[in-house]
Amino acid sequence: MTSRYRVEYALKQHRRDEFIEWIKGLLAVPFVLYAVKSNGITCVDEIKTNLDAKRRYAEIFYDIEKLVDDQLQMQLNNTIQLSRLKQLIPSIGSFFTRLSLEKAFYIEDDKRSISKRRLVAPSFNDIRIILNTAQILELSNNFHSDKNGLKLITFDGDVTLYDDGNSLESNSPIIPLIISLLSKDIFIGIVTAAGYSEISGAKYYSRLKGLIDEIEISDKLTDKQRENLLVMGGEANYLFKYNNKIKNLKFIETEDWYLDSMKNWEEINIIKTLNFVESALKELIIKLELPAHIIRKERGVGLVPFENKKLLREQLEEVVLRVDNLIKNFPFAKDIKVCAFNGGSDVWVDIGDKSLGVEALQDYLTKNETNGDLKSKFSPNNTLHVGDQFASVGANDFRARLSACTVWIASPEETRAMLSDLNKYIDEWSRY
């Protein structure tokens, strides 16, 4: 008889990360071997057990680090199918840098007491944060040692820079950390699903008011560095850039930044796809008896709850999965990219996705900021995307993995901690 756990695992596979789950499995062995009872053993025995557990965990992360190195080499040789990691985890994607996993484990073990725990095994969150730390360690090191080091950091909005539905206010502790990165000549991009077509950028300003106002007055930034802030809205539909003359966001015409693949999208296919999605969402409202209505935008369609009503997480995921399957079989959507995602309290389906949004920023900055020096181009190995939605389906940050290194956070507080560490690793890189 199939256990309840196995049934739920199969049903929730879209919410799991197979790389992290695989690492959890590897770490379960030393956890079990060193899960001794604390009562009845000496302090010396306890210290020795802690050290042995730490050593075994570190050895595992070192071995995974070498598997990542192997995959990077296979990617260079165009033989990724021969990568041992790819054979062990067929769904794993590409890596753009090395990962300093052993070093990251030691750093996070000091904070999270992973090797000292006897009843709580290394968790999904432990591993997620170790992977985050490994990524920013590598990028901060490259910032100094490589001409093509960290150049661009992109952020999701809701739950990443600010709480869901809120704005980036002047008292946010994240703002000084972003200002510090701008002062290092790193470009900052906000890549958000929020799609506002007004060329004034007023609604984006209202969401990012605290940051934009601080950029305007900060004495830590040069005029050139102030203009290193960009906002990509609607996944990959509206681009704005801070402008010193107007002291606000300036709309960038699509012909100046659209990727070649996006220029080939036919408008009639976009309209037909949005019509089809709108019809499907209306039907799901009836079938699932949802207290919600439809909002149609220029490049997206949303299913939004009525005022003072709330949709359950399971209802939102059901809608996303159904719509995603329908879109895959809709002929007019095959030549364009479409992103269906769970926004936490609503469901949106947008034309484009964040892989295109990040890639378009890279292409735009390469054309306008490198003076034709291809060695200095903006690319996945010098771009970091920070977001909270990296599940395989129903999460709009997931596809950014195709265009950038990534950090998976769970709250604005985690973003603050990560940016604090990133600034520290860049400033004190010789210590790490």
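**Exercise 1. The cores**

Of the 77 residues in the largest nonpolar core, which touch the most other members? Work it out on this predicted model.

*Solution.* Start with the contact counts inside the core: Phe19, Ile153 and Leu384 come out with the most other members touched. Next, ask who supplies the residues. Helix α3 (residues 43-76) gives the most to this core, nine residues. Then zoom in on Phe19. Leaving out residues up to four places away in sequence, Phe19 touches Ile64, Leu85, Ile89, Ile92, Phe95 and Leu131. Finally, look elsewhere: apart from this core lies another one, of 47 residues, with Tyr258, Leu259, Leu290 and Val338 among them. As background, nonpolar side chains tend to be buried together in soluble globular proteins.

**Exercise 2. The seven-stranded sheet**

Work out the strand order of the open sheet and say which strands stand at the edges.

*Solution.* Walk across the sheet and you read β5-β4-β3-β2-β1-β10-β11, with mixed pairing. Now check the ends. β5 (248-252) and β11 each have a single partner strand, so each is left with one side lacking a neighbour in the sheet. From one strand to the next, the twist averages 25 degrees.

Take the pairings in turn:

- β1 and β2 are parallel, over four bridges, and Ile153 has Ile188 in β2 as its bridge partner.
- Between these two strands the chain passes through helix α7 (residues 174-182), and this β-α-β crossover is right-handed.
- β2 and β3 also run parallel, joined by four bridges; Val191 has Met232 in β3 as its bridge partner.
- β3 (residues 229-233) and β4 (residues 238-243) run antiparallel with four bridges, and Val231 stands opposite Phe240 in β4.

Parallel and antiparallel pairs both appear in that list, which fits the mixed label.

**Exercise 3. What covers the sheet?**

Find the helices α6 and α14 and list the strands that each lies across.

*Solution.* Take helix α6 (residues 124-145) to begin with: it lies across β10 and β11, at about 140 degrees to β11. Then take helix α14 (residues 354-369), which lies across β1 (152-155), β2 (187-191), β3, β4, β5 and β10 and runs at about 150 degrees to β2.

Now for β2 itself. Five of its five residues are buried, so β2 is largely enclosed by the rest of the structure. Both faces are covered: Phe187, Gly189 and Val191 are buried on one side, Ile188 and Ile190 on the other.

**Exercise 4. The β6, β7 and β9 strands**

Starting from β7, trace its partners and decide whether this strand is buried or exposed.

*Solution.* Begin with β6 (residues 292-297). β6 and β7 pair in the antiparallel sense over six bridges, and they make a hairpin with two residues between them. One pair to click on is Ile294 with its bridge partner Leu303 in β7. Move on to β9 (residues 347-351): β7 pairs with β9 over four bridges, again antiparallel, and Gly300 has Asp350 as its bridge partner in β9.

As for burial, six of the six residues of β7 (residues 300-305) are buried, so this strand is largely enclosed by the rest of the structure. Gly300, Gly302 and Val304 point one way, while Val301, Leu303 and Pro305 point the other way.

**Exercise 5. Three single residues**

Place Ser403, Gly195 and Asn342 in the fold, and classify each as buried or exposed.

*Solution.* The cut-off you need is that buried means under 20% relative accessible area.

1. Ser403 is in the loop between β10 (383-387) and β11 (405-408). Its relative accessibility is 4%, so Ser403 is buried. A polar atom of the Ser403 side chain lies 2.8 Å from the backbone oxygen of Ser355. Beyond four places in sequence, Ser403 touches Phe96, Ser355, Val358, Glu359, Gln362 and Pro380.
2. Gly195 is in the loop between β2 and α8 (202-207). At 16% relative accessibility, Gly195 is buried. The C-alpha atoms of Gly195 and Asn237 are 7.6 Å apart, although 42 residues separate the two along the chain. Not counting residues up to four places away, Gly195 touches Tyr204, Gly234, Tyr238 and Lys297.
3. Asn342 belongs to strand β8 (residues 338-342). With 12% relative accessibility, Asn342 is buried. The Asn342 side chain reaches the backbone nitrogen of Gly344 at 2.7 Å.

Conventions:
Residues are numbered from 1 along each chain as its sequence is written. This is a predicted model: local features need pLDDT of at least 70, side-chain atom pairs count only at pLDDT 80 or more; totals for chains, interfaces and linings use all residues. Side-chain values use heavy atoms; hydrogens and water are left out. Buried means under 20% relative accessible area, exposed over 50%, partly exposed in between (1.4 Å probe, protein chains only). A polar contact is a pair of N or O atoms within 3.5 Å; within protein, one must be able to donate a hydrogen and the other to accept it, and residues adjacent in sequence count only if both atoms are side-chain atoms. Contact means heavy atoms within 4.5 Å. A nonpolar core is a set of buried Ala, Val, Leu, Ile, Met, Phe, Trp, Tyr and Cys residues joined through side-chain atoms within 4.5 Å. Two strands pair if DSSP finds at least two bridges between them. Axes are lines fitted to C-alpha atoms, for helices over the stretch in contact, and angles run from 0 to 180 degrees between N-to-C directions. A crossover is right-handed if, with the strands pointing away from the viewer, the path from the first strand over the helix to the second runs clockwise.
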